[in-house]
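Please open the model in a viewer and keep the selection panel at hand. The stops below proceed from one selection to the next.

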Amino acid sequence: MPTVILLDISLSMSRPLASSETTENHTRISIATTAINAFLDYLAIHAKLEYVALVCFSSGYEVSVSFTRDFDSIKSKLTQLDEGDKTCIETALLGVNQLILGEWGYQTPVQIILITDGTCGTGPIGRNRIIQALPLPPPYPAKIHILPIVSPHDSCLQHAMPLYQKIIDLSANASNNSSGTLSRGAVYCPEHLTMTAVLSAMNRICEQHYQEFWCTLKCGQLETRVQLFPAPQTVSHEGVTATYTLAHQIHVVGFITQQDMGTPIAISKHLVIPQTQSGNNHNNRENYGSKTPSKDGSGTEGSTTDEDMSDPSKVPNFCVLLHGALKVEGMSAIVQLGAEWWGAVSAWCEPSRTRRSCLLLSVMRPGVSAAPWLGPLDQLGPAEEGSPSETFPVRAWRSYSGGGSNCAWARPHALLADVQKVLRHARKLPDKTQHLYKELNRLRRAAISLGFSELLTCVGSALERECAALPNNSPPECALQLAHAAAALRDPRTALDIKHTLQPLASNFTVTSMSH
Amino acid sequence: MFSNLTHLLNGLSLVGPVRRGAGGDVVGLVAAIESLSEASPIQASNSQTDRLVQNRGRIICITSARDDDSITSLAGIALNTLIQQNKKASTPQPPASPNASNTPPSLVIHYCHLVIINVAPEKVDTRVTNQPLTEMGGGLMGVEVIVTRASALANLLGQLVLPHYRLATTTVTGIPMKEEQNASSSANYDVEIIHSIEAHAGLRASQTPAEAAESVVLRWWTPRGAEGGASSCSGPLWRVTPSDVASRPSACLVNFLLNGRSVTLEVPSRKGGGRSASHVLAAQGGELWIGALGGRTPYDDPPALSEGAGGRVTDYRIKEFGALMQLNRLGPLRGSAANGRARTRLQRHTTYWPLTISSTLIFNLGSVMDPLTRLVVQESLTEEEVDACRSVLLSLLGMETRHEFPTSQLPSNMRGKSSGRREELWRQVWCELEALIRAHSASSAHRALLRVLLECRAHNHSSDSESRASVIRATTDSPLSPVGAGNGAGAGAGTAAGAGAASEVWAPRNVLEALLAGPRPSRRPDFAGRMAAGSRPAVLYQHLQQDVEAQH
């Protein structure tokens, strides 16, 4: 999840710490920058793909560093911060909203770390006004953490706490949280107003919200450790109280062609990054005594020299093989993420960088019906077992076909168009005799269904008018057919019988005319 | 949607036309309130857990009342019925519980939104007035009265349904279509579509209820290279239906999409003149979907695979894995446990599966190995299949005794390497074959095949050197034998005999040895009881029985 560091640079942040124990002259802002540096250092190790932006605010706001993976640029910016005037949280959040919507749109979940000094800059009335004016909930899914650089016993923190709580509450029920609920943010208050306490509070944020997500991708007996980025969130399915957390083993169930797969309705997508250095040896040890001979890693145990082992890129990895094969075959792997929860792994390449391709896991909505065109996901099985009639896509009972045989008169012009069609055919007799009766039957069925018998009477008289207006040289069949149709429409014996269909007048006119 | 339309019309035709003096609104209203207290399928399935979820409902009553007073009395009747119904539902039913367990318990209605639509004929004045939502019965019921002309009723119902199911409409404007009468000319049409309100989330970050009722206008835009379904959209998709299902422009749009094309929609007249694609319409599985576009993805600019783990290995068996994927293709089956069967199958197919070309010989030998490597992954083998495999093994054995090696089958880059010692190659082939067949020795036919293989090896090696065969046995059979971890000390074969020195026998290239030496369940020593019992069935826990008898 992209992260915005929202740093308070108001004048009050420049207050030095009152503590006598430290010889160094720390101000709140210097503690804040140290904490941010620690945060960035943590990300550099655990989540170096994370995008981070730095927004500074006082009464106004400024996007100091826009979203970047170059954490050093943020660090260098931190050394050259200006001093602002007054803390004004609502303006800052408004600016953050704009920044995020402009960059990520409203579908990407975002984390915001608000670092401030525990004052809301106003008295109780002003505070309530700020609460009213908060631009929350944000239009995008967000999680806001607040790190006040203040002693927990400070009275101004007690005063600001309702505001912080409100910010976190409001951000938790984002209007656009269709992809399941994010866990909530929190206020991470340091235990004392010291450097170490603030750093440990920052550390708590890192450990609770920036954990890298490792899991094992298993395909039968082949397996490899992978990292998923961004780390998947716990998902709670709409309405249902159960929550779904991604299992630490992802099992490949089988493969289907990209064409059959279509676009999975993903609630989130994650890069599948094969495990690099750390833990690799550990993994080998795990496999060492196991009964499966072909797991990656164990296969390389004896054959590679120590030099090769130290370079993980030279150790065969199942992930790379899977990616290559998926790409060549144009297929996706269906994976089971947990109970009643599926996803799809496919080779994905960014349109702008066609040569850099990678594995992408699309996490579907929990439940067996997450991809309707694949049928119930728990019933996906070996294709060879199935009968030939069972193929993709599984057609939905909802169908758009066969629309021609029905009338929907929700709008006045729809009814008009249907009646006009009948009359158009009536004027083109005898060529359109079959069409006329087809349209009449369609109209009649709809009218009877809706209890709209007046319509049939009207159409009957309209046909009679057409009959009377026939030119003299028209074939006699026209008049007969029109009169027959008009009478049949109003025939009291079959008036409300929906199963009855009107038939053209069986005459020998067509036969005689053909014989000429 | 059309199929629903047929369903609806059929249902309506059963109802028949309006009969004078039938039922009336009161009867219908009472029935509606009673049905609100019945549990819906979802409520019934969650009945145990979801006691906290309120049972709220909405009743839309279409009637034609004389004046405001009769509307008020209608609302009063509804409220009374509601209170009575709730009383019935909230009274515990202990006396009836034994026999009433089959009937679903009626639920307390927490809130009922009653919308009374008073329909008046076109040219007749009505003495009913619109009434905004008013709460009755202490928040138990909210009543809203809407007066409408009959001609506007359909539109009104269309508007009412949107908030009820959290839907929104989009008008796709500027769709070029051929004229029905004159196919050479084309004109632009608009089609209104209905979908989940969530699809508009980005367009209307802060919208008023009045705005939400309006249709969002998006322009038809097919930029070059934008084909490819909804793949460009990274978020969720929502189902779409045209709001005017039977109109020609709707049918045109639907058919366009169902034929597999997709279309991008843009926000019209954006300030600054730039175009911005906002949504994509596409069909999948015979249904229409809308997805929102835009925004970066947090996973863009991924790290190159070639720089990651295993990225610089160049000889992955990609083609073979592709074949394996084709063999493990999924299809829609009936019945549960299909997933499990697919996974078991995949498990079987990957039991012995070297990742790279350079780490295997047998999978590079192609036609020489042909039916064997293909058949052995099956769950069971027929007699003929075992025979086919046996003949592969025998032909291999023949080649070896003739001191040949099918080098021509190997990929060119391996030929150079393998030109070394033929014996070495054969040893690797046999080791791999044993690993492969052992890994599959679940069925009796597979075990028979394994016996054939072991005989082949034994025969082969006994003619060659007795001691070497025994070494191989010792190495492969002992679950505890140490893995030859690259200590290529005594590289020459046959320099030492006996299990203790086994690891030194092997050449430095000992991947397979490492594999084979792993403990395998199929080769563990037989259960002591069975060995003692010989051909008779073994009895478990014999001593227990003896102990019991001794006590009595």
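A residue is called buried here when its relative accessible area is under 20%, and exposed when that value is over 50%, with partly exposed in between. The model is a predicted one.

**Overview of chain A**

Begin by displaying chain A alone, which contains 15 helices and 15 strands. Of its 516 residues, 55% count as buried. The exposed area of chain A is about 22,300 Å², and carbon and sulfur atoms supply 53% of that area. Among contacts between residues at least 6 apart in sequence, 70% join residues at least 24 apart.

**Strand 6 and its partners**

Select residues 213–219 of chain A, which form strand 6; 7 of the 7 residues are buried. Which residues lie on each side of this strand? One face carries A:Phe213, A:Cys215, A:Leu217 and A:Cys219, the other A:Trp214, A:Thr216 and A:Lys218, and both faces are covered.

Next add residues 222–229, strand 7 of chain A, which runs antiparallel to strand 6 and is joined to it by 7 bridges. A:Cys219 has A:Leu222 as its bridge partner in strand 7. The two strands make a hairpin with 2 residues between them, and A:Gly220 in the turn has a positive phi of about 60 degrees.

Then add strand 10 of chain A, residues 249–257, which pairs with strand 6 in the parallel sense over 3 bridges. Here A:Ile250 of strand 10 stands opposite A:Leu217.

**The five-stranded sheet**

Move to the open sheet of 5 strands in chain A, whose order is 3-2-1-4-5 and whose pairing is mixed. Its edges are strand 3 (61–68) and strand 5 (142–148), each pairing on one side only. From one strand to the next, the twist averages 15 degrees.

Within this sheet, select strand 1 (residues 3–8) and strand 4 (residues 110–116) of chain A, which pair in the parallel sense over 5 bridges. A:Thr3 stands opposite A:Gln111 in strand 4.

Now show the helices on the sheet. Helix 2 of chain A (residues 71–78) lies across strand 1, strand 2 (52–57) and strand 3, and runs at about 155 degrees to strand 3. Helix 6 of chain A (residues 195–209) packs on the sheet and touches strand 4 and strand 5, its direction making about 165 degrees with that of strand 5.

**Salt bridges**

Over all chains, the structure holds 12 salt bridges. Select A:Asp41 and A:Lys75, whose closest N and O atoms are 2.3 Å apart. This pair links helix 1 (residues 28–46) to helix 2 of chain A, the two residues being 34 residues apart. Are these residues buried or partly exposed? A:Asp41 counts as partly exposed because its relative accessibility is 37%, and A:Lys75 likewise counts as partly exposed, at 22%.

Continue to A:Arg442 and A:Asp418, which form a salt bridge at 3.5 Å, N to O. A:Arg442 lies in helix 12 (residues 433–450) and A:Asp418 in helix 11 (residues 412–427), so the pair ties together parts 24 residues apart in sequence. A:Arg442 is buried, at 12% relative accessible area, and A:Asp418 is buried, at 10%.

Lastly in chain A, select A:Glu464 and A:Arg490, which meet in a salt bridge at 2.4 Å, N to O. A:Glu464 belongs to helix 13 (residues 453–468) and A:Arg490 to helix 14 (residues 476–490), so parts 26 residues apart in sequence are tied together.

**A stop on chain B**

Finish with B:Ile60, B:Ile62 and B:Leu157, a nonpolar surface patch with about 220 Å² of accessible area together. B:Leu157 is located in helix 6 (residues 153–164) of chain B, and counts as partly exposed because its relative accessibility is 31%.

Note on methods
Residues numbered from 1 in each chain as written. Chains lettered and ligands numbered in written order. Predicted model: local features only at pLDDT ≥ 70, side-chain atom pairs only at ≥ 80, totals over all residues. Heavy atoms only, no water. Buried < 20%, exposed > 50% of the residue type's maximum accessible area, 1.4 Å probe, protein only. Helix = DSSP H or I, 4+ residues; strand = E, 2+ residues; numbered from the N terminus. Pairing = 2+ DSSP bridges. Contact = heavy atoms within 4.5 Å. Areas by Shrake-Rupley, 256 points an atom, 1.4 Å probe, with all protein chains shown as cover. Patch = residues over 30% accessible without salt bridge, like charges linked within 9 Å, V, L, I, M, F, W, Y side chains within 5 Å. Salt bridge = Lys/Arg side-chain N within 4 Å of Asp/Glu carboxyl O. Axes fitted to C-alpha atoms, helices over the stretch in contact; angles between N-to-C directions.
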